[in-house]
Amino acid sequence: MLVVLLGIIAHNLFSQNYSQYVNPFIGTGGHGHTFPGAIVPFGMVQLSPDTRIDGSWDGCSGYHYSDSVIYGFSHTHLNGTGVSDYGDIMLMPTMGNPSLDNKDYSSKFSHKNEKASAGFYSVKLDKNNIDVRLTTTKRVGYHEYTFNNAGNANIILDLNHRDKLLEGEVRIIDDKTIEVFRRSEAWATNQYIYARIEFSKPLKISKK
């Protein structure tokens, strides 16, 4: 009878959805050094917005809750550290004339239009009224961009984002696929990152 009872308790315990209680914003303010983006347990991809690009102590994770500007969404982040690194392979949706100047492609945002739960993040970019939704698997980051205004839509890839760029290369496979190599220096003095990016719609590649 005791064995059956324990079995019932264990079944009820693990059948509940505890992920609904996760709040990824915990630790993103003060000196918490955490990020609110999408990640799965032991995942290689930590897809999250970057609001800090200066390598400051409170911006170690790339995000701080007191900020109001997003510079892009990168695929690697450190959580809870006291030193800055990562922020690799940054993408940012914009509209109008494309630019690699982060003052041009960054956008203001409001926390009232920002949501995060276990494995999911979304935000509205105020500058061009673009809705962003992010999620991940163990090795892949998924971006969904909704351009609510008519006009020329862009996706910026800036390899000079955050860390010092030592070497970088972008290979155009076809109009929907590119491969990226980035070697950078920050806390890790010689970090190599390789990525393959696949788009749902064909792109016109601009090298600026």
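**Cavity, pocket, patch and two loop residues**

By class, the residues that line the largest cavity come to five nonpolar, four polar and one charged. That is where I would like to begin today, and I should say straight away that what we have on the screen is a predicted model.

Let me stay with this cavity for a moment. Its volume is about 30 Å³, and a search of the whole structure for cavities of 30 Å³ or more finds one. The lining is made up of Met92, Pro93, Thr94, Tyr105, Ser106, Ser107, Leu125, Lys127, Asn128 and Ile130. Which strand gives the most to this lining? It is β4, which contributes three residues.

Stepping back to the chain as a whole, we have 208 residues, of which 39% are buried, and the secondary structure amounts to two helices and 13 strands. Taken along the principal axes, the box filled by the C-alpha atoms is roughly 70 × 40 × 35 Å.

Now to the open spaces. The second largest pocket holds about 170 Å³ of space, and its lining consists of Val22, Asn23, Pro24, Phe35, Gly37, Ile39, Asn79, Ser117, Ala118 and Gly119. How do these lining residues divide by class? Five of them are nonpolar and five are polar, while no charged residue takes part.

On the surface, there is a nonpolar patch of about 340 Å², to which Ile155, Val170, Ile172, Leu203 and Ile205 belong. One of these residues, Ile155, sits in strand β10, which covers residues 153-157. Why can Ile155 be counted in a surface patch, given that members need over 30% relative accessible area? Its own relative accessible area is 31%, so Ile155 is partly exposed and passes that cut-off.

Finally, I would draw your attention to two backbone angles. Most residues other than glycine have a negative phi. His33, however, has a phi near 60°, which is positive although the residue is not glycine, and Ile89 likewise shows a positive value, with phi near 55°. Where do they lie in the chain? His33 is found in the loop between α1 (2-14) and β1 (48-50), whereas Ile89 is placed in the loop between β3 (72-74) and β4 (91-95). Are these two loop residues buried or exposed? His33 is buried, with a relative accessible area of 5%, and Ile89 is buried too, at 4%.

Technical notes: Residues are numbered from 1 along each chain as its sequence is written. This is a predicted model: local features need pLDDT of at least 70, side-chain atom pairs count only at pLDDT 80 or more; totals for chains, interfaces and linings use all residues. Side-chain values use heavy atoms; hydrogens and water are left out. On a 1 Å grid over the protein atoms alone, a cavity is a set of points where a 1.4 Å probe fits but cannot get out, and a pocket is an open set with protein on both sides within 12 Å along at least five of seven lines; lining residues have an atom within 4 Å of a point. Grid points are joined across faces, edges and corners, and a volume is the space filled by probe spheres set on the points. Ala, Val, Leu, Ile, Met, Phe, Trp, Tyr, Cys and Pro count as nonpolar, Asp, Glu, Lys and Arg as charged, and the others, Gly among them, as polar. Patches are made of residues with over 30% relative accessible area and no salt bridge: like charges are joined within 9 Å, nonpolar side chains (Val, Leu, Ile, Met, Phe, Trp, Tyr) within 5 Å. Accessible areas come from the Shrake-Rupley method with a 1.4 Å probe; for residues, only the protein chains shown count as cover. A salt bridge is a side-chain nitrogen of Lys or Arg within 4 Å of a carboxyl oxygen of Asp or Glu. Helices (H or I, at least four residues) and strands (E, at least two) are DSSP runs, numbered from the N terminus. Buried means under 20% relative accessible area, exposed over 50%, partly exposed in between (1.4 Å probe, protein chains only).
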